Amino acid sequence: MTKGHGLQLTAAAAAELGRQAAVAGTPGMMHLDLVDGQCERWVIRIRPGRLAGEPVARADGITLFAPADQSARLTALELDYRGDLSGGGFLIRSHQPLRICACGASFSPTPEPVAEGVPATK
């Protein structure tokens, strides 16, 4: 993990990841991967533990792991957490061109690269 070039965690995201990791019995370790989304190309999935992959972010005692082949998609993104009395959730933010769904957890690169002769997905 190259410092300053990967996924960034806000303090709120780090705190919630730490809480979830402790409850799951894997203190300090969480796993993030990208799965096919419905409203945009990718949606984040966060699970406890170090399932596979490499560290993509560290903050406040939590290390977030992701599959090595997905780390390039996470570059320059920020993971945030928002919660209130009715619940909460993780949100993706970026300072680069990105389409983010209203749910905040699903995103697509803008413009999404398309190989010649291959139809675009989503």
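**Helix α1, two sheets and a shared core**

Helix α1 lies across β2, β3, β4 and β5, and runs at about 85 degrees to β5. The model described here is predicted. The protein has two helices and nine strands. Along the sequence, these elements follow the pattern β-α-β-β-β-β-α-β-β-β-β. The protein has 122 residues, and buried residues make up 39% of them. Its accessible surface comes to about 7100 Å². Carbon and sulfur atoms account for 53% of that surface. Among contacts with a separation of 6 or more, 49% join residues 24 or more positions apart.

One open sheet holds six strands. Their order is β4-β5-β2-β3-β9-β8, and the pairing is mixed. The edges are taken by β4 and β8 (98-100). Each has a single partner strand, so one side of each is left without a neighbour in the sheet. From one strand to the next, the twist averages 30 degrees. Within this sheet, β2 and β3 run antiparallel and are joined by seven bridges. One residue pair shows the register: His31 has Arg47 in β3 as its bridge partner. Strands of a sheet pair through backbone hydrogen bonds, either parallel or antiparallel.

A second open sheet is formed by three strands in the order β1-β6-β7, again with mixed pairing. Here β1 (8-9) and β7 are the edge strands, and each pairs on one side only. Helix α1 packs on this sheet too, touching β1, β6 and β7. The direction of α1 makes about 70 degrees with that of β6. Strands β6 and β7 form a hairpin, with two residues between them. Their pairing is antiparallel and extends over eight bridges. Gly83 stands opposite Gly88 in β7. Leu77 has Ser94, also in β7, as its bridge partner.

The largest nonpolar core contains 25 residues. Those that touch the most other members are Leu7, Leu9, Ile44, Leu64 and Leu79. Several elements each supply at least two residues of this core: α1 (11-24), β2 (29-36), β3 (42-48), β4 (54-59), β5 (62-66), β6 (77-84) and β7 (87-94). The largest share, four residues, comes from α1. In soluble globular proteins, nonpolar side chains tend to be buried together.

Ile44 gives a closer view of this core. Leaving aside neighbours within four places in sequence, Ile44 is in contact with Leu32, Asp33, Leu34, Leu79, Phe90, Ile92, Ala105 and Phe107. One of these partners, Leu79, is also among the core residues that touch the most other members.

A polar residue is buried as well. Gln70 lies in the loop between β5 and α2 (71-74). Its relative accessible area is 9%, so Gln70 counts as buried, the limit being under 20%. Apart from neighbours within four places in sequence, Gln70 is in contact with Asp33 and Leu34. A polar atom of the Gln70 side chain lies 2.8 Å from the backbone nitrogen of Leu34. Asp33 and Leu34 are also contacts of Ile44.

Key:
Residues numbered from 1 in each chain as written. Predicted model: local features only at pLDDT ≥ 70, side-chain atom pairs only at ≥ 80, totals over all residues. Heavy atoms only, no water. Core = buried A, V, L, I, M, F, W, Y, C linked by side-chain atoms within 4.5 Å. Buried < 20%, exposed > 50% of the residue type's maximum accessible area, 1.4 Å probe, protein only. Contact = heavy atoms within 4.5 Å. Areas by Shrake-Rupley, 256 points an atom, 1.4 Å probe, with all protein chains shown as cover. Pairing = 2+ DSSP bridges. Axes fitted to C-alpha atoms, helices over the stretch in contact; angles between N-to-C directions. Polar contact = N/O pair within 3.5 Å; in protein donor to acceptor, adjacent residues only side chain to side chain.
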